[in-house]
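Subject: Structure for you to look at

Hello,

Here is the structure I said I would pass on. Please open it first and keep it beside you while you read the notes below.

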Amino acid sequence: MESSNGGGWRMVMVLYVAVSMVGSGWCSKFDELVQPSWATDHVIYEGELLKLKLDNSSGAGFASKSKYLYGKVTAELKLVEGDSAGTVTAFYMSSDGVNHNEFDFEFLGNRTGEPYLVQTNLYINGVGDREQRMDLWFDPTADFHAYSILWNPRQVVFLVDDTPIRVFPNHEDRGVAFPRDQPMGVYSSIWNADDWATEGGLVKTDWSHAPFVATFRGLRIDGCEWAPEAGGLAELRRCGGSGWGKEGRYWWKEKAMEALSVHQSHQLIWARANHLVYDYCNDPSRFATHPPECGK
């Protein structure tokens, strides 16, 4: 189809690397959405799965082929089995440059039998240091689970199997910066971080257990795909608009998505009451002044 101004219509990136549903999982053609970003020989396509491998020569990563302004991204991921101490697997969104925005899931490996920790973090205009850590209510190495980031003008939400575990609301009214004007790519990587990842770096990576493999079964990106050739201001207007754009319905920006539902609020309270192990908001040793986004 052609638009009225002669430019080609761009379809809303209700882009499924999941092209069909099989049970609770997704059949995937990852190369429609992503490409290896480094160590291509450690990015392995195995049937409908994509695997990132870490050994003592290299880790690996992938990056989306496009960038997006607002939307929701979800990965179905099974983490490294067994002794994964010292390793980190990340799934995240990020823009470019020094003053970038970034939303991180970082899965911190542990010794066999000890729980994984999930660290979330946000960088806004290049400033991070907003770490929170949680354990999980299941074994993330035994099966695939869905990890999602929802981003719209009112909030950033991190979800695990559709249960919200963290919300970063828009508090620009308090003078808190909020990510709103930089398109972001979707990324994943696995690497050795045994200087900090497990028990503060006390437990090192045991390379006798290599290779360490993180396995993706599906990736879904619903978002406004950024068209750099159209110009930044035009794309900000297009992707920042409400309701419907020329691409279709921006459901991630509808009224119901501006805040958690009552049920989701209860889920968030439960998750944080039972599984939160660290919150930068409650760490006076790092922040003498309470961070403004943390409230009172």
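Asp129, Glu131 and Arg286 are linked in a network of salt bridges. Please keep in mind that this is a predicted model. Searching the whole structure gives 14 salt bridges. Side chains of opposite charge can pair when their charged atoms come close.

Three further pairs are worth finding on your screen.

- Glu235 and Arg238 form a salt bridge, with 2.4 Å between the closest N and O atoms. Both partners sit in helix α1, 3 residues apart, so about one helical turn separates them. Glu235 is buried, and Arg238 is buried too.
- Arg180 and Glu172 meet through their side chains in a salt bridge of 2.8 Å, taken from N to O. Arg180 is partly exposed, at 33% relative accessible area, and Glu172 is also partly exposed, at 35%.
- Asp279 pairs with Arg272 in a salt bridge whose closest N and O atoms are 3.3 Å apart. Here Asp279 counts as buried because its relative accessible area is 11%, which is under the 20% cut-off. Arg272 has a relative accessible area of 22% and is therefore partly exposed.

Next, a charged residue without such a partner. Which side chain of opposite charge is nearest to Asp55, and how far away is it? The nearest one belongs to Lys53, 4.3 Å away. A salt bridge needs the nitrogen and the carboxyl oxygen within 4 Å, so this pair does not count as one. Asp55 is nevertheless buried.

Asp55 is found in the loop that runs between β6 (49-54) and β7 (60-64). Its side chain makes a polar contact of 2.6 Å with the side chain of Ser57. If you set aside the neighbours within four places in sequence, Asp55 is in contact with His42, Trp207 and Ala210.

Another loop to look at holds Ala39, between β4 (34-38) and β5 (43-46). Leaving out neighbours within four places in sequence, the residues in contact with Ala39 are Ser58, Gly59 and Ala60. Ala39 and Gly61 are 22 residues apart along the chain, while their C-alpha atoms are separated by 7.2 Å.

Now the cysteines. A disulfide is a covalent bond between the sulfur atoms of two cysteines. How many disulfides does a search of the whole structure find? The search finds 2. Counting the bonded cysteines along the chain, the pattern of the disulfides is 1-2, 3-4.

One of them joins Cys224 and Cys239, whose sulfur atoms are 2.1 Å apart. Cys224 belongs to strand β17 (residues 212-225) and Cys239 to helix α1 (residues 232-240), so this disulfide ties together parts 15 residues apart in sequence. The torsion about the S-S bond is about -65°, which means the disulfide is left-handed. Cys224 has 0% relative accessibility and counts as buried. Cys239 is buried as well, with a relative accessible area of 0%. Helix α1 thus comes up in two places in these notes: Cys239 lies in it, and so do Glu235 and Arg238.

The other disulfide is between Cys281 and Cys294, with the sulfur atoms 2.0 Å apart. Both cysteines lie in the segment after β20 (276-279), so the bond ties together parts that are 13 residues apart in sequence. This link is left-handed, with -70° about the S-S bond. Cys281 and Cys294 are both buried.

Last, some totals for the protein. The secondary structure consists of 2 helices and 20 strands. There are 296 residues, and buried residues make up 53% of them. The protein exposes about 13,500 Å², and carbon and sulfur atoms supply 51% of that area. Among contacts with a separation of 6 or more, 65% are between residues 24 or more positions apart.

To check your reading of the structure, try this. Where in the secondary structure do Cys224 and Cys239 lie? Cys224 is in strand β17 and Cys239 is in helix α1.

Regards

How values were computed:
Residues are numbered from 1 along each chain as its sequence is written. This is a predicted model: local features need pLDDT of at least 70, side-chain atom pairs count only at pLDDT 80 or more; totals for chains, interfaces and linings use all residues. Side-chain values use heavy atoms; hydrogens and water are left out. Helices (H or I, at least four residues) and strands (E, at least two) are DSSP runs, numbered from the N terminus. Buried means under 20% relative accessible area, exposed over 50%, partly exposed in between (1.4 Å probe, protein chains only). Lys and Arg count as positive and Asp and Glu as negative; His and the chain ends are not counted. A polar contact is a pair of N or O atoms within 3.5 Å; within protein, one must be able to donate a hydrogen and the other to accept it, and residues adjacent in sequence count only if both atoms are side-chain atoms. Contact means heavy atoms within 4.5 Å. Accessible areas come from the Shrake-Rupley method with a 1.4 Å probe; for residues, only the protein chains shown count as cover. A disulfide is a pair of cysteine sulfur atoms within 2.5 Å.
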